Amino acid sequence: MDFSTQLDDLQQRAAQAKQAAQAAATESREQLRQRIDQAKVEVDQAANDARQDASAAAASAKTKWAQLKTDAAAKMDDLQARVDKRADQIDANVAASDADWAEDDAAAAIDYASWTVDNARLAVLDAIDARVYADELANAAGS
């Protein structure tokens, strides 16, 4: 399995997220709405992919990661609902409170992503070690 390619992809996605956040900080609300709409399309696709992966993994009882993906997809659905609701708000105090919640959610998502990356690193190292061990046993049995 080529973990390096997957980790490179993760690194690129993190860099793209950082660039999007930096660009969004200077954009108008209309530009932000367009950016959010595009991100929703991408998140919806990722959520659908995660659900399919989770269904496939559940069928074969592979790992607990499938459930984490499903939970993350549900969290994204909730986030999208709140983004949609925000457009209907008129009260500045309600909007400020919503902004605080959104900032807290963003911080929590970043923390979760960091935790996930740390766990992915551990899982990759464990997988590599398991493959090396299996190969060593196969070579010893063949000798």
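## Close-up views of a four-helix predicted model

**View 1. Contacts of D105.** Leaving aside neighbours within four places in sequence, D105 touches K75 and R82. The model shown here, as in every view below, is predicted. D105 sits in helix α4, which runs over residues 92–142. Is D105 buried or exposed? Its relative accessible area is 16%, and because the limit for a buried residue is under 20%, D105 counts as buried.

**View 2. Helix α3 along its length.** Helix α3 covers residues 65–86, a run of 22 residues. How far apart should its ends lie? At 1.5 Å a residue the helix should span 32 Å, and the C-alpha atoms at its two ends are 32 Å apart, so the expected and computed spans agree.

**View 3. The buried residues A66, A73, Q80 and V83 of α3.** Within α3, the residues A66, A73, Q80 and V83 are buried. They cover an arc of only 90 degrees around the helix axis, and therefore lie on the same side of α3.

**View 4. A nonpolar surface patch.** Three residues, L7, L10 and V117, make a nonpolar patch on the surface, with an area of about 210 Å². One of them, L7, belongs to helix α1, residues 3–24. The relative accessibility of L7 is 39%, so L7 is classed as partly exposed; the partly exposed class lies between the buried limit of under 20% and the exposed limit of over 50%.

**View 5. I128 and the start of the chain.** Which helix holds I128? I128 is part of helix α4. With a relative accessibility of 41%, I128 is partly exposed. Along the chain, I128 and M1 are 127 residues apart, yet a distance of 8.9 Å separates their C-alpha atoms.

**View 6. The whole protein, for orientation.** The protein contains 4 helices and 0 strands, and its pattern along the sequence reads α-α-α-α. How much of the protein is buried? Of its 143 residues, 10% are buried. Among contacts with a separation of 6 or more, 54% join residues that are 24 or more positions apart. The exposed area of the protein is about 10900 Å², with carbon and sulfur atoms supplying 57% of that area.

Terms used
Residues numbered from 1 in each chain as written. Predicted model: local features only at pLDDT ≥ 70, side-chain atom pairs only at ≥ 80, totals over all residues. Heavy atoms only, no water. Expected span 1.5 Å × (residues − 1). Buried < 20%, exposed > 50% of the residue type's maximum accessible area, 1.4 Å probe, protein only. Arc of directions from axis to C-beta. Contact = heavy atoms within 4.5 Å. Areas by Shrake-Rupley, 256 points an atom, 1.4 Å probe, with all protein chains shown as cover. Patch = residues over 30% accessible without salt bridge, like charges linked within 9 Å, V, L, I, M, F, W, Y side chains within 5 Å. Salt bridge = Lys/Arg side-chain N within 4 Å of Asp/Glu carboxyl O.
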